[in-house]
Each structure stands twice: as C-alpha cells, then as structure tokens.
Amino acid sequence: MYGTKSAYRPLLDLDNCDEGVIQVMKKCWSEEPTERPDFQTLKSIIRKLNKENESGNILDNLLSRMEQYANNLEGV
C-alpha cells in the first residue's frame, strides 16, 4: 500500500557543508536502523567536528534532549 516512495531527504548545499557533517547525516538517514549511529556515537562525532566551535554546551544540551525524547518515544 505504501509502494516504492523513497524517504524524504533535504537537498544539501555540498559546497557550503563540511564533508564530515555530510557523512554523519547520511549515516543517520540510513534505511536500516542498525546502521544508524546511536546518541553516544553522535555526541562523539559531533564533538570532534565541532571542537573549534565555542557552542559545544548548546550542542550537548540539544543532543541530550533529543536522546531523552527518543528514549521516551521508545518507552511509549
């Protein structure tokens, strides 16, 4: 019934996006759930990508909230 429609993926401006960020997004978009990184892995990858940026605390907060939300959805 749902046919062969592919999942929506936003268009990326490859000229203005870091290659590491693109790779992380593609991993997160994997159709196979076991191939997607978990939150701990994402935190580690993003910290490495963002090590020169001062907004790390904001990013950590966002990732923690996303993790809590995902865990809550799994529980429901």
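A residue counts as exposed when its relative accessible area is over 50%, as buried when that area is under 20%, and as partly exposed in between. Lys-48 therefore counts as exposed, its relative accessibility being 61%. The structure is a predicted model, and its chain holds three helices and zero strands, which follow the pattern α-α-α when read along the sequence. Of the 76 residues of the chain, 16% count as buried.

**Confidence in the model**

- The mean pLDDT of the chain is 79, and 87% of the residues reach a value of 70 or more.
- Among the elements of the chain, helix H1, which covers residues 19-28, has the highest mean pLDDT at 86, while helix H3, which covers residues 56-75, has the lowest at 79.

**Helix H2 and its two kinds of surroundings**

- Helix H2 runs over residues 39-49, and its buried residues are Phe-39, Leu-42, Lys-43 and Ile-46. These four cover an arc of only 100° around the axis, which means that they sit on the same side of H2.
- Lys-43, although a charged residue by class, counts as buried because its relative accessibility is 11%, a value that falls under the 20% limit.
- Lys-48 is also found in helix H2, but this residue counts as exposed at 61% relative accessibility. The C-alpha atom of Lys-48 is separated by 9.6 Å from that of Gly-20, although the two residues are 28 residues apart along the chain.
- Gln-40 has its place in helix H2 as well, and at 49% relative accessibility it counts as partly exposed, because exposure requires a value over 50%.

**Contacts between parts that are separate in sequence**

- Gln-40 and Leu-63 are 23 residues apart in sequence, and their C-alpha atoms are 9.2 Å apart in space.
- Val-24, which is found in helix H1, is buried with a relative accessible area of 11%. The C-alpha atoms of Val-24 and Ile-45 are 7.9 Å apart in space, while the two residues are 21 residues apart in sequence.

**Salt bridges**

- Side chains of opposite charge can pair when their charged atoms come close. In this model the count of salt bridges comes to two.
- One of them joins the side chains of Glu-31 and Arg-9, with a distance of 2.9 Å from N to O. Glu-31 lies in the loop between H1 and H2 and Arg-9 in the segment before H1, so this pair ties together parts that are 22 residues apart in sequence.
- The partners in that pair fall into separate accessibility classes: Glu-31 is exposed, with a relative accessible area of 58%, whereas Arg-9 is partly exposed, with a relative accessible area of 31%.
- Glu-67 forms a salt bridge with Lys-43, and the closest N and O atoms of the pair are 3.5 Å apart. This pair links distant parts of the chain, since Glu-67 belongs to helix H3 and Lys-43 to helix H2, 24 residues apart. The Lys-43 partner is the buried residue of H2 described above, at 11% relative accessibility.

**The largest pocket**

- Rolling a probe the size of a water molecule over the atoms shows where empty space is left. The largest pocket holds about 190 Å³ of space.
- Its lining is made up of Val-24, Cys-28, Arg-36, Pro-37, Asp-38, Phe-39, Leu-42, Ile-46, Leu-63 and Met-66. The elements that give two or more residues to this lining are H1, H2 and H3, and H2 gives the most, with three residues.
- By class, the lining of the largest pocket has eight nonpolar residues, no polar residues and two charged residues.
- Several lining residues have already appeared in this briefing: Phe-39, Leu-42 and Ile-46 line the pocket and are among the buried residues of H2, while Val-24 lines the pocket and is itself buried at 11%.

Technical notes:
Residues numbered from 1 in each chain as written. Predicted model: local features only at pLDDT ≥ 70, side-chain atom pairs only at ≥ 80, totals over all residues. Heavy atoms only, no water. Buried < 20%, exposed > 50% of the residue type's maximum accessible area, 1.4 Å probe, protein only. Arc of directions from axis to C-beta. pLDDT = per-residue confidence, 0-100. 1 Å grid on protein atoms, 1.4 Å probe; cavity = no way out; pocket = protein on both sides within 12 Å on 5 of 7 lines; lining within 4 Å. Points joined across faces, edges and corners; volume = space filled by probe spheres on them. Salt bridge = Lys/Arg side-chain N within 4 Å of Asp/Glu carboxyl O.
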